[in-house]
Amino acid sequence: MAGVGWAVMPMSISHEEGLHLKSECSASYADGAFRRAGVGRGDSLQVREDIRRDEVMWIEPGEASAHQTLFLASLEILRLALNERFFLGLFNYEGHFAIYPQGAFYKAHLDRHAGTQDRIITVILYLNEGWQTGDGGELKIWTSADGRDGCYEIIEPRMGTMVCFMAEDFWHEVLPATKQRASITGWFRQRP
Ligand code: OGA
Ligand code: MN
């Protein structure tokens, strides 16, 4: 994160924990616990299939499983480390499981809602075992922090890969996935 404002960490959690999180994600999805993700917030929240087609289930700390609680605890260590190193005043985390069904995408966007400043850092953990080049669903992130014209990186959503970036600064999109794609996406926030 230092200097550039974004980071990719392959193998950020143990393979075993990744598999547990994935199977819990799949089980909740099969149970119908996911909802079509929206665009905007509050009264202006709306489902826009032309912009994003993922489905999400928020993680509620009080209801999280043991594996999810372990993951939240590891994010807590990351949050404190980021505060210590970069003086960001990160206050808490909000996150959801996300499933991109086959063919789903999320068009280029920033992660901060209009009129808000609480989301400081985006953290994404990918949960796709055996993901192959050509399966699509890559994260495309423009790395110049000043728009969508310059350089970009393409990140494959492989099991255990974690991506962090400054939520306000980096345009990004999810390219169409040719098969179902799972992740946990969330944000470290400042006090509103
Ligand atoms: C998001 C998002 C990217 C990804 O949910 O806001 O941009 O790679 N996700 O899942
Ligand atoms: Mn995003």
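1. Let's start with a strand pair in this predicted model. Strands S7 (residues 139–142) and S8 (residues 152–155) run antiparallel and are joined by 4 bridges. Within that pairing, Trp142 stands opposite Tyr152 of S8.

2. S7 has another partner too: 3 bridges join S7 to strand S10 (residues 172–174), again in an antiparallel arrangement. Here Lys140 is found opposite Glu173 of S10.

3. How are the two faces of S7 covered? Leu139 and Ile141 lie on one side, Lys140 and Trp142 on the other, and all of them are buried. As background, side chains in a regular strand alternate between the two faces of the sheet. You may like to note that Lys140 is among the buried residues, with Glu173 in S10 as its opposite number.

4. Now to ligand 1, which may be the part you care about. The residues surrounding ligand 1 are Tyr100, Tyr106, His109, Asp111, Ile124, Tyr126, Leu139, His172, Val174, Arg181, Thr185 and Trp187. Leu139, met above as a buried residue of S7, is one of them.

5. Which polar side chains contact oxygen atoms of ligand 1? Arg181 places a side-chain N or O atom 2.7 Å from a ligand oxygen. For His109, a polar side-chain atom lies 3.1 Å from an oxygen atom of ligand 1, and for Asp111 the corresponding distance is 3.2 Å. On its own, ligand 1 has 290 Å² of accessible area, and the protein covers 98% of that.

6. The space that ligand 1 takes up is the largest pocket. Strand S5 (106–109), strand S6 (119–126), S10 and strand S11 (181–189) are the elements that each give two or more residues to the shell around the ligand. Which element gives the most? That is S11, with 3 residues.

7. S11 deserves a closer look. Of its 9 residues, 9 are buried. Both faces are covered: Arg181, Ser183, Thr185, Trp187 and Arg189 are on one side, while Ala182, Ile184, Gly186 and Phe188 are on the other. Arg181, Thr185 and Trp187, listed together on one side of S11, also appear among the residues around ligand 1.

8. Finally, the neighbours of S11. Strand S4 (residues 92–100) runs antiparallel to S11, with 9 bridges joining the two; Phe97 has Ile184 as its bridge partner in S11. S6 and S11 are also antiparallel, joined by 7 bridges, and Ile124 stands opposite Thr185. Both Ile124 and Thr185 belong to the set surrounding ligand 1.

Key:
Residues numbered from 1 in each chain as written. Chains lettered and ligands numbered in written order. Predicted model: local features only at pLDDT ≥ 70, side-chain atom pairs only at ≥ 80, totals over all residues. Heavy atoms only, no water. Buried < 20%, exposed > 50% of the residue type's maximum accessible area, 1.4 Å probe, protein only. Pairing = 2+ DSSP bridges. Near = heavy atom within 4 Å. Polar contact = N/O pair within 3.5 Å; in protein donor to acceptor, adjacent residues only side chain to side chain. Areas by Shrake-Rupley, 256 points an atom, 1.4 Å probe, with all protein chains shown as cover. 1 Å grid on protein atoms, 1.4 Å probe; cavity = no way out; pocket = protein on both sides within 12 Å on 5 of 7 lines; lining within 4 Å. Sits in = over half its atoms within 2 Å of the grid points.
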